[in-house]
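Biologist: I have a model open and want to learn how to read it. Can we go feature by feature?

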Amino acid sequence: MTLFRLDASVFPDRSASRELADIVEAQWTAAHPGEAIVRRDIGTKHLPANMWAEAVVGQQLSQADRSPVQQAAVELAATLADELLGADALLLAVPLYNYGVSQHMKAWFDILFTDPRIQEGGAELRSRPALLVTVTGGNYGPGTPKEGWDHSTGWLQRVLADVLGLDLTIVQRRFTLVGVNPALDRFIDMAAEMHEEALRAAELEGRRFAERALEVSQR
């Protein structure tokens with residue numbers, strides 16, 4: 001079995017999303033020792049955002065009529081699609097930045113979505129197990145002063161579950177900027193509790209994620 005893992009944090013040495021994804025991956029490895037893990041780090045190895053437009057146009061042309069850049073963009077989209085289609089399960093670690101989806105995640109999806117196999121519904125991806133780890137610096141949950149300011153998680157759920165049809169589970173940690181931003185110091189205890197809850201959720205859901213992938217493969 002093959003696991004595809006995507007990381008979108010631009011701070012890999014202190015990434016809260018990677019911490020949780022590492023726990024999920026450990027559960028996967030325990031259940032599927034020695035199996036392949038395909039990795040793509042879009043947080044530190046950025047995809048060129050201009051490749052989206054080049055891929056859109058390139059897909060409308062024959063290979064002979066494409067410019068070298070358009071051909072490279074089409075090939076990049078095919079590579080991204082191959083990584084997903086070749087995996088039995090998908091693990092994505094995507095933080096919220098400035099109240100919205102990471103620009104690197106948006107570039108990844110935009111380029112990926114130009115590939116005809118994905119754009120036409122990606123039938124092979126339907127019901128494939130996927131686990132999204134996402135973290136937010138603030139707390140935008142129900143009843144908070146900034147409820148609704150998280151414009152990333154909803155979008156991610158839309159494109160991963162509704163567009164790609166993945167069997168999606170979400171593990172989220174809030175208040176990661178507590179201890180970093182002094183203005184949030186009064187929330188230290190709450191943030192610590194949220195952190196512990198997220199760690200437990202990553203372990204539990206990671207184990208379920210690995211089990212679910214095995215069940216799907218045996219159908």
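Modeller: Start with how elements are named. Helices and strands are DSSP runs, numbered from the N terminus; a helix needs at least four residues and a strand at least two. With that, Tyr-99 can be placed: the loop between β4 (96-97) and β5 (100-101) holds this residue. Keep in mind that this is a predicted model.

Biologist: What is the phi of Tyr-99?

Modeller: First the general idea. Most residues other than glycine have a negative phi. Here, Tyr-99 has a phi near 75 degrees, which is positive, and it is not a glycine. Its relative accessible area is 33%, so Tyr-99 is partly exposed.

Biologist: Where does Ser-127 lie, and what is its phi?

Modeller: Ser-127 sits in the loop between α5 (116-119) and β6. Its phi is positive too, at about 70 degrees, and again this is not a glycine. Ser-127 has 44% relative accessibility and so counts as partly exposed.

Biologist: Now the whole fold. How many helices and strands does the protein have?

Modeller: Seven helices and seven strands. Read from the N terminus, the order is β-α-β-α-α-β-β-β-α-α-β-α-β-α. The radius of gyration is 18 Å, and the globule rule gives 17 Å for 219 residues; the two are close, so the protein is as compact as a globular protein of that length. The C-alpha trace spans about 60 × 40 × 30 Å along its principal axes.

Biologist: What share of the contacts links residues far apart in sequence?

Modeller: Take the contacts with a separation of 6 or more. Residues 24 or more positions apart account for 80% of them.

Biologist: And what share of the residues is buried?

Modeller: Buried means under 20% relative accessible area. Of the 219 residues, 49% count as buried. As for the outside, the accessible surface comes to about 10800 Å², and carbon and sulfur atoms make up 51% of that.

Biologist: How far apart are the mean positions of the positive and negative charges?

Modeller: They are 2 Å apart, for 21 positive and 30 negative charges.

Biologist: Let's go inside. Which residues of the largest nonpolar core touch the most other members?

Modeller: A nonpolar core is a set of buried nonpolar residues joined through side-chain atoms. In this model the largest one has 33 residues, and Leu-6, Leu-92, Trp-108 and Leu-160 touch the most other members. Elements giving two or more residues to this core include β1 (2-7), α3 (68-85), β3 (89-93) and α6 (153-163). The largest share, seven residues, comes from α3. There is also a second, separate core of 19 residues, with Ala-16, Ala-93, Leu-199 and Ala-213 among them.

Biologist: What is Trp-108 in contact with?

Modeller: Skip its neighbours within four places in sequence. Then Trp-108 is in contact with Phe-4, Leu-6, Arg-40, Ile-42, Leu-47, Leu-80, Leu-84 and Leu-92.

Biologist: Next, a charged side chain. Is Arg-173 buried or exposed?

Modeller: Use the cut-off. Arg-173 has 10% relative accessibility, so it counts as buried. It belongs to strand β7 (residues 167-173). Outside its close sequence neighbours within four places, its contacts include Ala-16, Glu-19, Thr-134 and His-195.

Biologist: Then loops. Is Leu-166 buried or exposed?

Modeller: Buried, because its relative accessibility is 5%. Leu-166 is in the loop between α6 and β7. Follow it across the chain: Arg-126 is 40 residues apart in sequence, yet the two C-alpha atoms are separated by 5.4 Å. Among the residues Leu-166 touches beyond four places away are Leu-90, Leu-125, Ser-127 and Leu-160.

Biologist: What about Ser-9: is it buried or exposed?

Modeller: Ser-9 is buried, since its relative accessible area is 4%. Its place is the loop between β1 and α1 (16-31). Beyond four places in sequence, Ser-9 touches residues including Ser-15, Asp-41, Thr-44, Ala-93 and Tyr-97.

Biologist: One last loop. Is Pro-142 buried or exposed?

Modeller: Exposed means over 50% relative accessible area. Pro-142 is at 70%, so it counts as exposed. It lies in the loop between β6 and α6. Neighbours within four places aside, Pro-142 is in contact with Glu-147 and Arg-174. Its C-alpha atom and that of Ala-89 are separated by 30 Å, with these positions 53 residues apart along the chain.

Methods: Residues are numbered from 1 along each chain as its sequence is written. Side-chain values use heavy atoms; hydrogens and water are left out. A nonpolar core is a set of buried Ala, Val, Leu, Ile, Met, Phe, Trp, Tyr and Cys residues joined through side-chain atoms within 4.5 Å. Buried means under 20% relative accessible area, exposed over 50%, partly exposed in between (1.4 Å probe, protein chains only). Contact means heavy atoms within 4.5 Å. The radius of gyration is taken over C-alpha atoms; the globule rule is 2.2 Å times the number of residues to the power 0.38. Accessible areas come from the Shrake-Rupley method with a 1.4 Å probe; for residues, only the protein chains shown count as cover. Lys and Arg count as positive and Asp and Glu as negative; His and the chain ends are not counted. The place of a charge is taken as NZ of Lys, CZ of Arg, CG of Asp or CD of Glu.
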